[in-house]
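Please open the structure in your viewer and keep the sequence at hand. The tour below proposes a series of selections and states what is found at each one.

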Amino acid sequence: MENSKLIKISDRIYGLPAINELDRPFLYYVKGKDFSIAIDAGQSKEHVDEFYSAITSAGFSLPKYTIITHWHWDHSFGMPFVAGKTIVSELCQKQLDLVKSWEWTKEAMAKRVKDKLDLGAVNRFIMKVFPDLSRIKVCTGDICLTKKMELDLGDIRVHILPLDSIHSRDSLLIFCPEEKALFVGDADCPDYYNNGEVLSERVTEYKDTIEKLDFDTYFIGHDIWDTRDQVLERLEKMVM
């Protein structure tokens with residue numbers, strides 16, 4: 001696929017591009033002197049395989065840790081196939097444990113939509129990515145965070161911050177101070193599992209949290225990255 005090459009963002013940050021027609025998010029790679037990490041596991045084994053092929057083609061080592069920004073399928077269904085350990089929030093772990101028990105048939109998926117446990121739009125993408133639903137595998141994380149964690153990659157630090165975000169209450173934000181980079185997954189998107197609501201108090205809490213971080217570049221799940229000013233202006237408009 002033409003999207004299968006890593007984009008070089010800096011000497012230490014790389015990304016595998018999103019594919020909108022599959023609802024596939026960016027996967028990010030942070031390259032350290034001692035070891036490297038990935039941000040999000042993607043949708044499937046094929047997604048992970050493409051990411052790892054791009055990483056090894058660039059001459060880099062596979063990630064020691066993969067940090068999951070939130071539980072949604074497009075960020076987590078690749079977890080069984082990643083190298084190294086996965087890191088999730090406590091709430092993400094609980095949700096993945098529930099999803100692990102779900103049956104993957106069209107009938108079961110339709111019933112979950114009816115029962116408001118899942119979304120019809122999500123299921124349409126899942127069936128596009130998985131023509132054979134029996135190939136879906138879901139697992140929980142290896143490391144479950146209840147508070148912030150720091151990884152030292154040798155020449156760059158990674159701060160992992162659990163947060164009740166606008167989009168999903170189980171979010172992890174990833175901040176790399178040496179790069180002034182903040183990775184958020186879909187954290188500032190509407191909460192589609194709650195009728196697409198955007199609660200002003202959650203926006204305000206989120207904005208207050210990220211404003212305290214000294215970032216210049218703001219990496220989101222499904223689109224090109226923003227500047228600090230762009231995202232803060234967007235969040236300000238969401239509470240007006």
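**The aromatic cluster**

Begin by selecting Phe26, Tyr28, Phe183, Phe219 and Trp225, which form one aromatic cluster. Please bear in mind that the model is a predicted one.

Across the model, the count of aromatic pairs comes to 16. Restrict the selection to Phe26 and Tyr28: their ring centres lie 5.5 Å apart and their planes meet at 5 degrees, so this pair is stacked. Phe26 has a relative accessible area of 7% and is buried. Tyr28 is also buried, at 3% relative accessibility.

Next, select Phe183 and Phe219, a stacked aromatic pair with 4.5 Å from centre to centre and 15 degrees between the planes. Phe183 belongs to strand S11 (residues 181–185) and Phe219 to strand S12 (residues 217–220), so the pair ties together parts that are 36 residues apart in sequence. Are these two rings buried or exposed? Phe183 is buried, with a relative accessible area of 1%, and Phe219 is buried at 2%.

**The open sheet**

Now display the strands from S8 to S13. These 6 strands form an open sheet, in the order S8-S9-S10-S11-S12-S13, with mixed pairing. Which strands stand at the edges? They are strand S8 (149–152) and strand S13 (226–227); each has a single partner strand, so one side of each is left without a neighbour in the sheet.

Move to S12 and S13, which pair in the antiparallel sense over 2 bridges. Select Thr217 to find one bridge partner in S13, namely Thr227.

**Charges over rings**

Select Arg228 together with Phe215: the charged end of Arg228 sits over the ring of Phe215, 4.7 Å from its centre. Then select Lys64 and Phe35, where Lys64 lies over the face of the ring, at 4.7 Å from the ring centre.

**Helix H1**

Finally, select residues 45–57, which make up helix H1. This helix has 13 residues and reaches 18 Å from its first C-alpha to its last, close to the 18 Å expected at 1.5 Å a residue.

Which residues of H1 are buried? They are His47, Val48, Glu50, Phe51, Tyr52, Ala54 and Ile55. To see what covers these buried residues, display the strands: the cover includes strand S2 (13–16), strand S3 (27–30), strand S4 (37–39) and strand S5 (65–67). The last stop is Gly59, just after H1, which takes a positive phi of about 85 degrees.

Methods
Residues are numbered from 1 along each chain as its sequence is written. This is a predicted model: local features need pLDDT of at least 70, side-chain atom pairs count only at pLDDT 80 or more; totals for chains, interfaces and linings use all residues. Side-chain values use heavy atoms; hydrogens and water are left out. Helices (H or I, at least four residues) and strands (E, at least two) are DSSP runs, numbered from the N terminus. The expected span of a helix is 1.5 Å times one less than its number of residues. Buried means under 20% relative accessible area, exposed over 50%, partly exposed in between (1.4 Å probe, protein chains only). Contact means heavy atoms within 4.5 Å. Rings of Phe, Tyr and Trp (its six-membered ring) pair if their centres lie within 6.5 Å; planes under 30 degrees apart count as stacked, over 60 as edge-to-face and the rest as tilted. A charge sits over a ring if NZ of Lys or CZ of Arg is within 6 Å of the ring centre and within 35 degrees of the ring normal. Two strands pair if DSSP finds at least two bridges between them.
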